[in-house]
Amino acid sequence: MKLENLLPREVVDKLRERTKSSGPYIQELSDKMKETVELVGRIVSKKLQESKDGKKFLLMTLMDRTGSVRAVDWHNAEENDAKLAEGDVVLARGRVVFFEGHLQLNVDKEKDALMLLSEEQYDYERFVEITKRGIDALYQKLVEFMGEIQDKEIRTLLEALFVQDKEFVSSFVQAPAGVSVHHAYVGGLLEHTVDVTTMCKRVSNVYDFLDKDVLVAGAMLHDVGKVREYKITKKGLEVTTEGELKGHIALGLEILQQAASKVSIAKTKLLQLEHIVLSHHGEYEFGSPVLPKTAEAYVVHALENMDSKLSRFRSINEKQKNGGKIWSEFDKHLGRRVWLGRWKDED
């Protein structure tokens, strides 16, 4: 079964479309030291400040899908602070420097050195990455998982959601698994789900007391609420109002129960799947409303947590490996710096 058989052609074409952005990405700025560049970035924070001698300056953080950089406007600070807002996409022209241990863009003095851009003036890919593993191939793997489930009621439930509900499928295969922490790109949720399910299948071959069908189904369902928690715009990945107010665990439970209402499934089986959705964050301190209290729920929690952490390690290595550094910057999500795969003789 392929996506072409489920989704409108224009949706499939959009998923496969990769546009080419002009100008450097933030990740490439380390190679542009002391050069003047034009950078397209989204303002994630800005603050009008005053130096010790009373001069106003605008301090901003600009980001694209490869990272973030500090930008400083010393020349038109008050004017630009008034006309720009957090979330705006701008074209910033300035000189790349190294200041206080970090790259910085010093905005030029001309009035047009910081320009607000409309959605038609920059490329989609500038802020939104797409899984490199192919959405078609990943979705096909998901279909294979369903076909291997022996329990007819559980398989029927999964097919009702992941095959027959075309609106859900369209959202699911495009959705990110996060906006910044892990799998933060188009198809990220699908990629994360496939990998967690693959690992759960392998664990079930080692621990034969596990209910393989419940485990695999739970792995497929654990993050479905993220289709309503996040949205994709030309400015990047954002949290929906519903996502902010409810969170993906509550939304995932709603989606599962809605799907279950359309099929016949034993209450005990549905309860096990609901428990996996509710407990997959593992600990109260990480937002889990209940601790994993079945072996299958614990396995889903452990493996989805590992997959999200390893995705973060991979992202850090991809984005910070250039420039000869041995260690990454401190990562607040992992609570540590990450070794970038290089050795250096100690003095």
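**Helix packing around α6**

In this predicted model, helix α3 meets helix α6 through Ile135, Leu138, Tyr139, Lys141, Leu142, Phe145 and Glu148, and the α6 side of the contact is made up of Leu190, Glu191, Thr193, Val194, Thr197, Thr198 and Lys201. Sorted by class, that contact comes out at seven nonpolar, three polar and four charged residues. As for geometry, α3 (residues 135-148) packs on α6 at an angle of about 40°, and the two axes sit 10 Å apart. The crossing of this pair is left-handed.

Stepping back for a moment, the protein chain has 347 residues, and buried ones make up 48% of them. Its secondary structure adds up to twelve helices and eight strands, and the C-alpha trace spans about 70 × 55 × 35 Å along its principal axes. Take the contacts between residues at least 6 apart in sequence: 59% of these join residues at least 24 apart.

Back to α6, then, and its other partner, α12. Here the axes of α6 (residues 188-206) and α12 (residues 295-320) come within 9 Å and cross at roughly 130°. An angle of that value makes α6 oblique to α12. The handedness of this crossing is right-handed, whereas α3 passes α6 in a left-handed one. On the α6 side, the residues involved are Glu191, His192, Asp195, Val196, Met199, Cys200 and Val203; they meet Val299, Val300, Leu303, Glu304, Met306, Asp307, Ser308 and Arg314 in α12. The class tally for α6 with α12 is eight nonpolar, two polar and five charged residues. Glu191 turns up in the contact with α12 and also in the one with α3.

What about α6 itself? With 19 residues at 1.5 Å a residue, α6 should span 27 Å, and its end C-alpha atoms are 28 Å apart, which agrees. Burial is also easy to summarise: 16 of the 19 residues of α6 are buried, so the helix is largely enclosed by the rest of the structure.

Helix α3 has a further packing partner in α4. The α3 and α4 axes are 10 Å apart, and the packing angle is about 160°. Since angles over 145 degrees count as roughly antiparallel, α3 and α4 are therefore roughly antiparallel to each other. Their crossing is left-handed. The residues that α3 brings to this contact are Tyr139, Leu142 and Met146, which meet Arg155, Leu158, Glu159, Phe162 and Val163 in α4. By class, that gives six nonpolar, no polar and two charged residues. Tyr139 and Leu142 of α3 contribute here and in the contact with α6 as well.

Another mostly covered element is helix α7 (residues 212-221), in which nine of the ten residues are buried. The buried set runs through Asp213, Val214, Leu215, Val216, Ala217, Gly218, Ala219, Met220 and Leu221. These buried residues pack against the helices already described, α3, α4 (152-164), α6 and α12, along with α10 (248-260) and α11 (267-279).

Some loop residues are worth a look too. Most residues other than glycine have a negative phi. Lys34, in the loop between α1 and β1, goes the other way, with a positive phi near 65°. At 58% relative accessibility, Lys34 counts as exposed. Glu100 likewise has a positive phi, about 50°, although it is not a glycine. This residue lies in the loop between β4 (89-99) and β5 (102-107), and its relative accessible area of 60% makes Glu100 exposed.

Lys32 is found in the loop between α1 (9-16) and β1 (36-50), which is where Lys34 is found too. At 29% relative accessibility, Lys32 counts as partly exposed. Setting aside neighbours within four places in sequence, the contacts of Lys32 are with Pro24, Val37 and Val96. Its C-alpha atom is separated by 42 Å from that of Gln140, a residue 108 places away along the chain.

Notes. Residues are numbered from 1 along each chain as its sequence is written. This is a predicted model: local features need pLDDT of at least 70, side-chain atom pairs count only at pLDDT 80 or more; totals for chains, interfaces and linings use all residues. Side-chain values use heavy atoms; hydrogens and water are left out. Axes are lines fitted to C-alpha atoms, for helices over the stretch in contact, and angles run from 0 to 180 degrees between N-to-C directions. Helices (H or I, at least four residues) and strands (E, at least two) are DSSP runs, numbered from the N terminus. Angles under 35 degrees count as roughly parallel, over 145 as roughly antiparallel, 65 to 115 as roughly perpendicular and the rest as oblique. A crossing is left-handed if the near helix is turned anticlockwise from the far one by less than a right angle, and right-handed if clockwise. Contact means heavy atoms within 4.5 Å. Ala, Val, Leu, Ile, Met, Phe, Trp, Tyr, Cys and Pro count as nonpolar, Asp, Glu, Lys and Arg as charged, and the others, Gly among them, as polar. The expected span of a helix is 1.5 Å times one less than its number of residues. Buried means under 20% relative accessible area, exposed over 50%, partly exposed in between (1.4 Å probe, protein chains only).
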